[in-house]
Amino acid sequence: MSRSKVYNSAEAALKDVVSDGQTLAIGGFGLCGIPEALIEALRDSGVKGLTCISNNAGVDGFGLGLLLQTRQIKKMISSYVGENKEFERQYLAGELDVELTPQGTLAEKLRSGGAGIPAFYTATGVGTLVAEGKETRDFDGRTYVLEHSLRADVALIKAQKADKAGNLMFNKTARNFNPDCAMSGKITIVEVEEIVETGTLDPDEVHLPGIFVQRIVLNSNPEKRIEKTTTKTVEGA
């Protein structure tokens, strides 16, 4: 009989999986679709020297900002790193290595890693600092730069719903980067708001097949913090 993919807690799901010096791919777009409970459990595990691949670096006191506060991250591979004063301080002080990557290139690095493609050519970044020291090649009169794909020891992702086989459904913007991170991980752990029986999901609802998922954790009441709140005054109100 196959072992269940469902774990009782984020702490249990990370046990015997995470360790010092690993590379982790962490899903989410801004503060949308981030694995909140798994990040907190990772902080509490005390592992250090981590390389984190994530589109964003969280904010102060939330998301990956928690791991920056505790100095558990030694290197970030990211696209957008604003909104985090501690990130800025550590980088400017030489305490944190940062590899800035164009957003589309980062997504393709993760997807390609999961698809078994070791590298690919892209026109993004040609003629900029992004292309320095990298191989370039011309195709049809246009120059492209060679980018190497990314694989992670562990991927931590967030989905709205999972069945017990690990088939996943994401909610709108949370679908950005989470599937790509899941594919890139040698071991992928997903935090979900709902777990249903295998076979319950309509095949058209499955955004990522369960073959990419090894462990599932239920977090039915995530905080879902808003990164920036913008309001306006309505005339006559």
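Here are some friendly notes on a pocket, the cysteines and the aromatic rings of this predicted model.

1. Start with the largest pocket, which has a volume of about 230 Å³. It is lined by 15 residues, and those closest to its centre are C32, G33, K158, A174 and K224.

2. Which strand gives the most to this lining? That is strand β9 (residues 152–163), with three residues. By character, the residues of the lining divide into five nonpolar, four polar and six charged.

3. Now look at the cysteines: the structure holds zero disulfides. C32, which we met at the pocket, has its nearest cysteine sulfur, that of C181, 13 Å away. The sulfur of C52 also has its closest cysteine sulfur in C181, but at 11 Å this is too far for a bond, because a disulfide needs the two sulfur atoms within 2.5 Å.

4. Are C32 and C52 buried or partly exposed? C32 is partly exposed, with a relative accessible area of 30%, whereas C52 is buried, at 0%.

5. Next come the aromatic rings, which form two pairs. In the pair of Y121 and F139, the ring centres are 5.3 Å apart and the planes lie at 65°, so the pair is edge-to-face. Y121 belongs to strand β6 (residues 119–122) and F139 to strand β7 (residues 136–139), so this pair ties together parts that are 18 residues apart in sequence.

6. F139 also pairs with Y144: the centres are 5.6 Å apart and the planes are at 80°, so this pair is edge-to-face. Ring pairs thus link Y121, F139 and Y144 into a cluster. Y121 is partly exposed at 27% relative accessible area, F139 is partly exposed at 30%, and Y144 is partly exposed at 21%.

Methods. Residues numbered from 1 in each chain as written. Predicted model: local features only at pLDDT ≥ 70, side-chain atom pairs only at ≥ 80, totals over all residues. Heavy atoms only, no water. 1 Å grid on protein atoms, 1.4 Å probe; cavity = no way out; pocket = protein on both sides within 12 Å on 5 of 7 lines; lining within 4 Å. Points joined across faces, edges and corners; volume = space filled by probe spheres on them. Helix = DSSP H or I, 4+ residues; strand = E, 2+ residues; numbered from the N terminus. Nonpolar A, V, L, I, M, F, W, Y, C, P; charged D, E, K, R; others polar. Buried < 20%, exposed > 50% of the residue type's maximum accessible area, 1.4 Å probe, protein only. Phe/Tyr/Trp six-rings, centres within 6.5 Å; stacked < 30°, edge-to-face > 60°.
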